[in-house]
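Colleague: I should be grateful for a close look at a single part of this protein, the lining of its main pocket. Please then connect that site to the charged contacts and the enclosed space elsewhere in the fold.

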Amino acid sequence: MLLELRVEGLAVMESAQGQFEAGLNALTGETGAGKSVLMAALGLALGDRGDQGLVRSGQERALVAATFSRFEGAVEQLRGLGIADAELLVLTRELTAGGRSVARLNGALVPVSALRELGERLVERHGQGAADRWVRESEQRMGLDWYEGDAALELRARVAELWERRRLVGEELESLRRRGRAERLDLDQAEADLAELEAAGLAEGEEERLRREREQLLHLSRLREAAAGLRDAVEGAEERPGAADSLAAQLQAGRAVSGIDPELDAARAEAEEALAILQDLGVRLGSYLEQLPADQRRLELLEERLALLERVSRRHGGSVEAAIARREEARRLVGGIGSTELEMRELGSRLDSLAAELADLCAELGRLRHGAARQLAEEVTRDLREMLMPAAEFTVSLWTDEDEDGVPGPDGRPVRVTADGWDRVRFLLAANSGDEPRPLSEAASGGELARVVLALLARLSRRSGVGTVVFDEIDQGLGGEAANRVGELLLEVGRQRQVICVTHLAAIAARAHRHLRVSKEEVGGRAASRVAPMEGAARVEELARLLAGRATPAAARSHAAQLLAAVGGA
């Protein structure tokens, strides 16, 4: 709990400090005396954002130090920051006129975020905007979970984690579907291309071979005549011997002089080589003549085939080689047709599994919420009736919304789910007999809404895990017997948690275990606020001011003394 708050050089506070106790602590003072500055100082110590404009005019720095008793679990947090364990936690914040902000924990420099993280475990704060906050559905659902306790909060965290996993898988699946649609377009084109290219029966080097054959057909007679003439010259024709026969006959006739003259022998050897060449040439020419096309219709077929190759080439890359490459690419695409669809099926299966698991968690959380809703409604209704709303009926409504993209709901229908679960939560109020329950924003007047919020906060804060709860002027618009019941509620919370309440109500201040007053006076020509404990006669005077201002001081003091005696104050 908070033991002491010390402030130096912050706005109207030149130097002030307040000590706090267990139970209910009341903080009172005239409007503008500096109560909001004291709350701002506490906020700075708890890691709120600092503003150099808060530094008191004429001073170089502002310093705030909040001393707390150590809470369970603080040792681990201190160890994580490299700070030795201690019985007290001193959260210090310094702001300079130049805009510098320094945070310390037990004297050691720490990031402001460390104070903020620690502060969330030390203090729960409810400010003047509490009423506005509690008309929002998201806050009502969070409050209901908070009221139910750790089981609901743990389930809520698990739902949020699972919901995020499902969201990411859903995004991945949708991305895959978009990619699949694009691939489908590519695949459709690939299938069309492959059908055309397979039908074309393309082969490497075919075009060159066909063009050569076409040239042969175009000049067939001249090629045949030239080849036949060469062959006849080499092999002879009819009774005219060819060059090969003549050379062979002469070589045979010259055998008789072989070995006489080496020079002639060398010439004969060259002639024999020439004969071999002529004989081979004759064979080649004969083969060439045999393979020359004999059917002129072949030319028409070649022209048709070459036209097809040219057409296919133009559509698929500009050459037969490019068209063949496109065919192979299309084959790969068509061959991989099932991969994306398989991946989508796997993701869809994961999504269904996550949806079923999420539905189970939401159902379990919903059961806890329905039980908590009944109990909270009974308790808040009882509190309201004790705060001069005798016919009030507070209810908590829970329902789900259908959503075809949701998860299987309690009756099998798909329902909408968020990171908070599938339950919609709404706090309803029937303020008077015969009234239909309506949302808080519609059913309650300002004073009635303030009483509802105080009843809610008292119930929720009682279950809070933090040691200190701060209520900053959330009792505005209340008075009379309603104020007495508010004081009793705060005392109830104070039996389990330290409560610090900034109030203008004597009925609350009189019930406080410790009463502090913030006052403003002029010192050296400048306004300065101070914090002082109210005890004995001073407390009676302050309660009298809260009751009647300065209009009837004697009667107000008497009333204040009676109030203190009635509620057991000092």
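Modeller: In this predicted model, the largest pocket has a lining of 15 residues, and those nearest its centre are Arg166, Gly170, Leu351, Asp405 and Gly406. Three elements each give two or more residues to this lining: helix H6 (150-200), helix H13 (337-386) and strand E12 (402-408). Helix H6 supplies the largest share, with 7 residues. The space in the largest pocket amounts to about 340 Å³. By character, its lining comprises 7 nonpolar, 2 polar and 6 charged residues.

Helix H6 also takes part in a charged contact. Asp145 and Arg156 form a salt bridge in which the closest N and O atoms are 2.5 Å apart. Asp145 belongs to helix H5 (residues 137-148) and Arg156 to helix H6, so that the pair, 11 residues apart, links distant parts of the chain. Asp145 and Arg156 are both buried.

Helix H13, another contributor to the pocket lining, has a charged contact of its own. There, the side chain of Glu386 meets that of Arg485 in a salt bridge of 2.7 Å, N to O. This pair too links distant parts of the chain, with Glu386 in helix H13 and Arg485 in helix H16 (residues 480-494), 99 residues apart. Glu386 counts as partly exposed because its relative accessibility is 37%. Arg485 counts as buried because its relative accessibility is 11%. Elsewhere, salt bridges that share partners join Glu137, Arg141, Asp145, Arg156, Arg369, Asp401, Asp420, Asp423 and Arg424 into one network. A search of the whole structure gives 41 salt bridges.

The enclosed space can be described next. The whole structure contains 1 cavity of 30 Å³ or more, and the largest cavity has a volume of about 50 Å³. Its lining is formed by Arg141, Thr400, Asp401, Arg416, Thr418, Gly421, Trp422, Asp423 and Arg424. Of these lining residues, 1 is nonpolar, 3 are polar and 5 are charged. Arg141, Asp401, Asp423 and Arg424 line this cavity and are also members of the salt-bridge network.

A salt bridge within one helix offers a further case. In helix H7, the side chains of Glu207 and Arg211 meet at 3.0 Å, N to O. Glu207 and Arg211 are separated by about one helical turn because they are 4 residues apart in helix H7. Glu207 is partly exposed, with a relative accessible area of 21%, and Arg211 is partly exposed at 34%. Glu215 is also found in helix H7 (residues 206-218), and its relative accessibility of 41% makes it partly exposed. The C-alpha atoms of Glu215 and Leu429 are separated by 100 Å, the two residues being 214 apart along the chain.

Finally, there are paired strands to consider. Strand E5 (residues 88-96) and strand E6 (residues 101-105) run antiparallel and are joined by 5 bridges; Glu94 has Val102 in E6 as its bridge partner. The hairpin of E5 and E6 has 4 residues between the strands, and in it Gly99 takes a positive phi near 100 degrees. Strand E6 also pairs with strand E7 (residues 108-110) in the antiparallel sense, over 3 bridges, and the bridge partner of Ala103 in E7 is Val110. In the hairpin of E6 and E7, with 2 residues between the strands, Asn106 takes a positive phi near 50 degrees.

Definitions and conventions:
Residues numbered from 1 in each chain as written. Predicted model: local features only at pLDDT ≥ 70, side-chain atom pairs only at ≥ 80, totals over all residues. Heavy atoms only, no water. 1 Å grid on protein atoms, 1.4 Å probe; cavity = no way out; pocket = protein on both sides within 12 Å on 5 of 7 lines; lining within 4 Å. Points joined across faces, edges and corners; volume = space filled by probe spheres on them. Nonpolar A, V, L, I, M, F, W, Y, C, P; charged D, E, K, R; others polar. Pairing = 2+ DSSP bridges. Buried < 20%, exposed > 50% of the residue type's maximum accessible area, 1.4 Å probe, protein only. Salt bridge = Lys/Arg side-chain N within 4 Å of Asp/Glu carboxyl O.
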